[in-house]
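Work through the exercises below with the sequence and the model side by side, trying each task before reading its solution.

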Amino acid sequence: MNTIGRRNFLKSSLAGAVTAGFAGKFDLAGIEQNNAKRIGIIGLDTSHSTAFTKALNSADAGQVYKGFRIAAAYPKGSSTIKSSADRIPGYTEEVKNLGVKIVGSVDELLAEVDFVLLETNDGRMHLEQALKVFRSGKRVFIDKPVAASLTDAIAIFEAAKHYNVPVFSSSSLRYITGMDEIAGGSIGKVLGADAYSPATLESTHPDLFWYGIHGVETLFTAMGRGCVSVTRTSTEKHDVATGLWNDGRIGTFRGIRDGKSGYGGQVFGEKGISVLGPYAGYDPLLKRILEFFESGIPPVSADETLEIFTFMAAADESKNNGGIPVKTADVFEKARKEAIKIDFDK
């Protein structure tokens, strides 16, 4: 797809572009279906990598995880975020002891595996790494944050369509205890929600992208899509971002940087009020990833992931402008103009 084609593909406002262009549906014709179960990890600078490997490669994993195993890993993650880089040697030894082959490049990894977990903690590296995976045609899960900018997030999903490769991204907090019951109608129609999580800051990423994304993902899982504006109040130790939805509903995210922290929230419905939590761990997400590897159908749409990142980008803009409401469509439009300039075939 050339630049003009991509410009037409992404030309509408947030609602139109996301609805029309990022439906999360892929033409799977021609993708070979087989029994291959080898997974490769890119990035051993996050505890997610070791957690997934321990689960899949344990002696008693059996068919709980459908026979999938971590076969190979490329350790390289961030070299500039010290908290991530310092983990790589230790995590490399951990996964080696679990039978994982360590390789020297993404290209080497792709030759050894059938599916990919892109786990690099530094979202700034994800577009470059994802493009290599897309070109190989292998299905990939991209851990949070899908990118370190809304522009790169849009580009990643556009590139996935360009190469016709299924992809999805999600925080494990999408599957927090209580969310399944809400999705099943336990409190009727969701009228609003308040979600919270730690919101540690990292100077290389927009404020909420690094850790606040966990609570924002919880919020959107409860509320669904349709946020049209965001207003943020921010101090050194606290954040509150309030979203207005297109049907008049209100959802809030509270980011915690002081005192007792945790993950949770409340969801307000027609028939009741539900409390979310505690955190359910990595296993619910891991099972969805494996189902995705088998089916090629993303359990979380690109539309919703892009709305989550638009919400967080709008929250930053609101903070930078004294806490005024910011329209999500304007934020998305600005980012997509930059995304269409990226040449995926270079």
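**Exercise 1: an antiparallel arrangement**

Strand E7 (residues 190-198) and strand E11 (residues 264-269) pair in the antiparallel sense over six bridges, where strands (E, at least two residues) and helices (H or I, at least four) are DSSP runs numbered from the N terminus, and two strands pair if DSSP finds at least two bridges between them. The model is predicted, so that local features need pLDDT of at least 70 and side-chain atom pairs count only at pLDDT 80 or more, while totals for chains, interfaces and linings use all residues. Residues are numbered from 1 along each chain as its sequence is written, and side-chain values use heavy atoms, with hydrogens and water left out.

Task: Which residue in E11 stands opposite Tyr 196, and how many residues lie between E11 and E12 in their hairpin?

Solution: Begin with Tyr 196, which stands opposite Gly 264 in E11. Next, follow E11 to strand E12 (residues 273-276), with which E11 pairs in the antiparallel sense over four bridges; here Phe 268 stands opposite Ile 273. Finally, the hairpin formed by E11 and E12 has three residues between the strands.

**Exercise 2: an open sheet**

Task: Which strands are the edge strands of the open sheet of six strands?

Solution: First write down the order, E3-E2-E1-E4-E5-E6, with parallel pairing. The edge strands are then E3 (101-102) and E6 (167-170), each of which pairs on one side only. As a check within the sheet, E4 (residues 115-118) and E5 (residues 140-143) pair in the parallel sense over three bridges, and Val 116 has Val 140 in E5 as its bridge partner.
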